Amino acid sequence: MTRNRQVRLAARPVGLPDASTWNYVDADVPEPADGQVTVKVAYVSLDPAMRGWLNDVRSYVPPVQIDAVMRAHAVGHVSASNSPDFAVGDAVSGNFGATEYAVADAKDVVRVDESIAPLPTWLGALGFPGFTAYFGLLDVGKLKDGDTVVVSGAAGAVGSLVGQIAKQHGCTVIGIAGGAEKCAWLTDELGFDVAIDYKSESVAKALRQHAPKGIDVYFDNVGGEILDAALARLRLGARVVLCGAISGYNATEPTPGPQNYLSLLINRASMAGFIVFDFAGRYGEAAAKLGEWVADGKLVAREQVATGGIDKFGDTLLMLFEGKNTGKLVLQVS
Ligand SMILES: NC(=O)c1ccc[n+]([C@@H]2O[C@H](COP(=O)([O-])OP(=O)(O)OC[C@H]3O[C@@H](n4cnc5c(N)ncnc54)[C@H](OP(=O)(O)O)[C@@H]3O)[C@@H](O)[C@H]2O)c1
């Protein structure tokens with residue numbers, strides 16, 4: 001009988017998740033009920049937000065329950081169908097979880113086209129990171145042609161797309177990332193104007209040098225000291241997009257708030273948070289545009305594919321917090 005290995009939440013972590021956080025269990029392959037499909041998962045998405053989903057607190061989604069299969073976006077192929085909308089072999093994406101096989105209602109399953117891009121890209125530039133960059137920058141950030149845009153977490157899934165979308169709008173783009181290799185990728189291959197290596201230089205000083213007139217849009221993926229450095233350089237009417245704050249996701253003590261927040265007042269600037277799900281009614285628009293840019297070579301979609309199967313889920317998640325990924329991190333499951 002085919003095995004269905006799954007990652008279940010064993011215990012809520014304090015600080016970084018470790019081996020005690022997860023149980024790896026073998027379950028049966030689920031049969032689809034009426035209106036459902038069974039999906040053989042090929043790649044699971046690793047997302048910084050997963051760390052937040054492990055905390056037993058009120059948030060934009062309920063916490064993952066102890067012993068439940070870990071929530072995860074994934075892509076794969078339909079292995080059994082009880083829905084007229086999908087046939088065996090169809091390539092699909094959905095919230096299938098960290099598991100080798102998943103059953104899902106057909107209405108929650110999205111068809112993807114492997115002739116446009118390989119499966120991992122549907123978890124990156126053509127999936128939620130793409131939608132997050134697109135709506136976060138254009139709608140929440142109210143991007144204007146020619147703006148000076150600064151993005152942190154710049155060599156990651158969302159950040160690398162934010163910078164490239166801004167470049168297409170004639171903006172000056174400054175990326176902040178960890179390490180010389182990531183910074184070289186941003187400037188040499190993605191066309192960023194400047195990359196600041198926050199691990200080896202002062203972000204505050206580099207922003208003074210490279211954004212002498214100030215920042216119009218700061219797209220924040222990391223929070224903490226980098227957010228403070230960006231706040232200090234805002235221009236009149238600037239928009240700060242609060243997308244994420246990964247520097248504090250594993251904190252065991254309350255993290256300090258930004259010291260430089262009065263810069264928002266002085267510069268009549270705004271700081272707005274958002275969740276990509278807010279734009280669910282417009283995913284089609286983003287998918288069409290992102291797909292066009294990827295096809296035209298205007299958007300470099302890079303994924304880092306971790307191997308070793310579902311048993312490597314816990315180790316692979318940690319790579320995000322250690323800065324070991326460039327572009328979108330996914331785990332190959334089958
Ligand atoms: N609001 C939404 O709807 C939404 C949707 C998707 C993602 N997000 C958020 O967007 C952000 C980026 O997500 P992603 O999926 O694109 O992940 P990602 O950027 O591909 O991966 C995380 C990166 O964060 C950086 N990082 C880790 N610890 C850090 C620290 N202490 N200080 C500064 N940087 C650190 C690392 O890069 P370096 O090597 O450069 O340090 C790492 O590669 C996250 O905060 C995530 O929660 C929000």
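A residue is called buried if its relative accessible area is under 20%, exposed if over 50%, and partly exposed in between, using a 1.4 Å probe and counting protein chains only as cover. Keep that in mind for the whole tour.

This is a predicted model, in which local features need pLDDT of at least 70 and side-chain atom pairs count only at pLDDT 80 or more, while totals for chains, interfaces and linings use all residues. Residues are numbered from 1 along each chain as its sequence is written, and side-chain values use heavy atoms, with hydrogens and water left out.

**Stop 1: strand 15**

Select residues 328-332, which form strand 15. Helices (H or I, at least four residues) and strands (E, at least two) are DSSP runs, numbered from the N terminus. Val330 belongs to this strand. Is Val330 buried or exposed? Its relative accessibility is 0%, so Val330 counts as buried. Now add Phe313: 17 residues separate it from Val330 in sequence, and their C-alpha atoms are 9.6 Å apart in space.

Next, click on Lys328, also in strand 15. Lys328 counts as buried because its relative accessible area is 4%. What does its side chain meet? A polar atom of the Lys328 side chain lies 2.9 Å from the backbone oxygen of Leu46. The Lys328 side chain also makes a polar contact with the side chain of Asp47, at 3.2 Å. A polar contact is a pair of N or O atoms within 3.5 Å; within protein, one must be able to donate a hydrogen and the other to accept it, and residues adjacent in sequence count only if both atoms are side-chain atoms.

**Stop 2: the ligand**

Show the ligand and select the residues around it, where a residue is near a molecule if one of its heavy atoms lies within 4 Å of it. How many residues surround the ligand? There are 25, and the closest are Lys182, Tyr198, Tyr249, Val276 and Asn325.

Zoom in on three of the residues here. A polar side-chain atom of Asn325 sits 2.5 Å from a ligand oxygen atom. For Val276, a polar backbone atom is 2.7 Å from an oxygen atom of the ligand. At Asn221, a backbone N or O atom lies 2.9 Å from a ligand oxygen atom. Taken alone, the ligand exposes 910 Å², and the protein buries 89% of that; such areas come from the Shrake-Rupley method with a 1.4 Å probe.

Try colouring the shell by class. You should find 15 nonpolar, 9 polar and 1 charged residues. Here Ala, Val, Leu, Ile, Met, Phe, Trp, Tyr, Cys and Pro count as nonpolar, Asp, Glu, Lys and Arg as charged, and the others, Gly among them, as polar.

Then colour by domain, with bounds from an automatic or database domain assignment. Domain 1 (4-123 + 302-332) and domain 2 (128-277) each give at least three residues to the shell. Helix 3 (157-168) and helix 9 (313-321) each supply at least two.

**Stop 3: strand 8**

Select residues 148-152, which make up strand 8; 5 of its 5 residues are buried. Which residues point which way? Thr148, Val150 and Ser152 point one way, while Val149 and Val151 point the other way.

Add strand 9 (residues 172-177), which pairs with strand 8 in the parallel sense over 5 bridges. Two strands pair if DSSP finds at least two bridges between them. To see a facing pair, pick Val151 and look opposite it for Gly175 in strand 9.

**Stop 4: strands 3, 4 and 5**

Select strand 3 (36-45) and strand 4 (74-81). Strands 3 and 4 pair in the antiparallel sense over 7 bridges, and Val44 has Ala74 in strand 4 as a bridge partner. Now bring in strand 5 (residues 91-94), which runs antiparallel to strand 4 and is joined to it by 4 bridges. Gly76 has its bridge partner, Val92, in strand 5.

Gly35 lies in the loop between strand 2 (22-27) and strand 3. With 31% relative accessibility, Gly35 counts as partly exposed. The C-alpha atoms of Gly35 and Val64 are 25 Å apart, with their positions 29 residues apart along the chain.

**Stop 5: two loop residues**

Finish with two backbone angles. Asp67, in the loop between helix 1 (49-53) and strand 4, has a positive phi of about 80° although it is not a glycine. Asp67 is partly exposed, at 44% relative accessible area.

Lys142 is in the loop between helix 2 (128-140) and strand 8. Its phi is near 45°, a positive value in a residue other than glycine. Lys142 counts as exposed, with 52% relative accessibility.
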